[in-house]
Amino acid sequence: MEITKTRKLVLSAALAALGMILGLLEIPYPFAPWLNLDLSEVVVIMAISMLGFKSALFVCVCKFLVSILFKGPVGPIAIGQITALIASLTICCVYYFLSQNLKLKKEWLTYIINMFITMLIFAIVLFILNYLFVTPTYLMQKPTWYSELPFALDINSFNQQYGTNISIPGFLNFLSPYGQAIFIIYFPFNFIKGVISAIVYYVVRPIESKFKEG
């Protein structure tokens with residue numbers, strides 16, 4: 001059954017609220033204790049599949065606003081919510097583009113490839129954001145670019161601060177010590193988060209038909 005505009009709006013709001021709830025159910029990331037995995041991106045994927053691109057964008061923005069409303073700004077200038085919004089928009093745009101342009105004979109294989117590429121790009125975008133602006137802003141507690149950090153930062157700085165034992169693999173030697181630290185912390189974290197969200201969505205996808213029929 002075709003979803004009306006009113007029903008789309010209601011479902012979009014419901015998905016945004018669900019995204020906020022899933023965002024509160026955090027799982028500690030064992031390799032970096034200041035990070036937490038959550039499933040809030042599942043609703044973004046669901047919105048694209050159920051409601052289309054424009055409604056999915058609406059869900060991303062609503063999820064951002066609901067988070068600020070109920071949690072308050074996270075970090076300087078609400079950098080936590082801004083980063084989450086960019087993350088959701090990245091997944092929304094990339095997955096929608098791939099779902100429209102990359103289709104194979106086997107649906108499950110199409111989904112795996114589309115999601116792998118989506119989450120790879122998602123993790124790269126978040127690495128770049130953390131490198132350039134997000135991590136320096138958290139560290140300085142004010143809007144700060146990486147070039148404005150008044151001190152050197154490498155993986156040893158994080159290990160000493162948080163009592164972790166993260167090491168840098170040799171293939172990252174082409175990056176600066178700061179770049180190595182940001183990459184090894186944030187790229188795997190966001191890629192794993194994205195893959196988990198993709199798996200969870202694939203498992204719960206059958207319930208979409210009930211929403212469309214209700």
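What is the handedness of the crossing of helix 2 and helix 3? The tour of this predicted model opens with that pair.

**Stop 1: helix 2 and helix 3**

Select residues 42-51 for helix 2 and residues 53-71 for helix 3; their axes come within 8 Å and cross at roughly 150°. With that angle, helix 2 is roughly antiparallel to helix 3. The crossing of helix 2 and helix 3 is right-handed. To display the contact, show the side chains of Val43, Val44, Ala47, Ile48 and Leu51 on helix 2, together with Ser55, Ala56, Val59, Cys60 and Lys63 on helix 3. Coloured by class, the residues of this contact comprise eight nonpolar, one polar and one charged.

**Stop 2: from helix 1 to Val59**

Keep Val59, one of the helix 3 residues in the contact just shown, and add Ala14. Ala14 belongs to helix 1, which covers residues 5-24. A distance drawn between the C-alpha atoms of Ala14 and Val59 reads 8.8 Å, although their positions lie 45 residues apart in sequence. With a relative accessibility of 44%, Ala14 is classed as partly exposed.

**Stop 3: Leu85 beside helix 3**

Next, select Leu85, a residue of helix 4. Which residues does Leu85 contact, leaving aside its neighbours within four places in sequence? They are Cys60, Val61 and Phe64. Cys60 has already appeared on the helix 3 side of the contact with helix 2. Leu85 counts as buried, its relative accessibility being 17%. A C-alpha distance from Leu85 to Cys62 comes to 9.5 Å, for two residues that are 23 apart along the chain.

**Stop 4: the cysteines**

Remain with Cys60 and add Cys92 and Cys93. How many disulfides does a search of the whole structure find? The search returns zero. The closest cysteine sulfur to that of Cys92 is in Cys60, at 4.6 Å, which is too far for a bond. For the sulfur of Cys93, the closest cysteine sulfur is in Cys92, at 5.2 Å, again too far for a bond. The cut-off behind both statements is a sulfur separation within 2.5 Å. Is Cys92 buried or exposed? Cys92 is buried, at 0% relative accessible area. Cys93, in turn, is partly exposed at 37% relative accessibility.

**Stop 5: helix 4 and helix 5**

Now select the whole of helix 4, residues 79-101, and helix 5, residues 107-140. The axes of these helices come within 9 Å and cross at roughly 155°. Helix 4 and helix 5 are therefore roughly antiparallel to each other. Helix 4 passes helix 5 in a crossing that is right-handed, and the crossing of helix 2 and helix 3 is right-handed too. Colouring this contact by residue class shows 19 nonpolar and seven polar residues, with no charged residues.

**Stop 6: Asn190 in helix 7**

Move to helix 7, residues 177-204, and select Asn190 within it. Asn190 is buried, with 5% relative accessible area. Apart from residues up to four places away in sequence, Asn190 touches Phe122, Ala123 and Leu126. Draw a further C-alpha distance from Asn190 to Leu37: these residues are 153 apart in sequence and 8.4 Å apart in space.

**Stop 7: the loops**

Which sign does phi of Ile77 have? The value is positive, near 50°, in a residue other than glycine. Ile77 is found in the loop between helix 3 and helix 4, where it is partly exposed with a relative accessible area of 47%.

Continue to Gln141, in the loop between helix 5 and helix 6 (155-162). Gln141 is a residue other than glycine, and its phi is also positive, near 60°. Its relative accessible area of 54% makes Gln141 exposed.

The last selection is Asn165, located in the loop between helix 6 and helix 7. Asn165 counts as exposed, at 74% relative accessibility. To return to the opening stop, draw a C-alpha distance from Asn165 to Ser55: the two are 110 residues apart along the chain and separated by 43 Å. Ser55 is one of the helix 3 residues in the contact with helix 2.

How values were computed: Residues are numbered from 1 along each chain as its sequence is written. This is a predicted model: local features need pLDDT of at least 70, side-chain atom pairs count only at pLDDT 80 or more; totals for chains, interfaces and linings use all residues. Side-chain values use heavy atoms; hydrogens and water are left out. Axes are lines fitted to C-alpha atoms, for helices over the stretch in contact, and angles run from 0 to 180 degrees between N-to-C directions. Helices (H or I, at least four residues) and strands (E, at least two) are DSSP runs, numbered from the N terminus. Angles under 35 degrees count as roughly parallel, over 145 as roughly antiparallel, 65 to 115 as roughly perpendicular and the rest as oblique. A crossing is left-handed if the near helix is turned anticlockwise from the far one by less than a right angle, and right-handed if clockwise. Contact means heavy atoms within 4.5 Å. Ala, Val, Leu, Ile, Met, Phe, Trp, Tyr, Cys and Pro count as nonpolar, Asp, Glu, Lys and Arg as charged, and the others, Gly among them, as polar. Buried means under 20% relative accessible area, exposed over 50%, partly exposed in between (1.4 Å probe, protein chains only).
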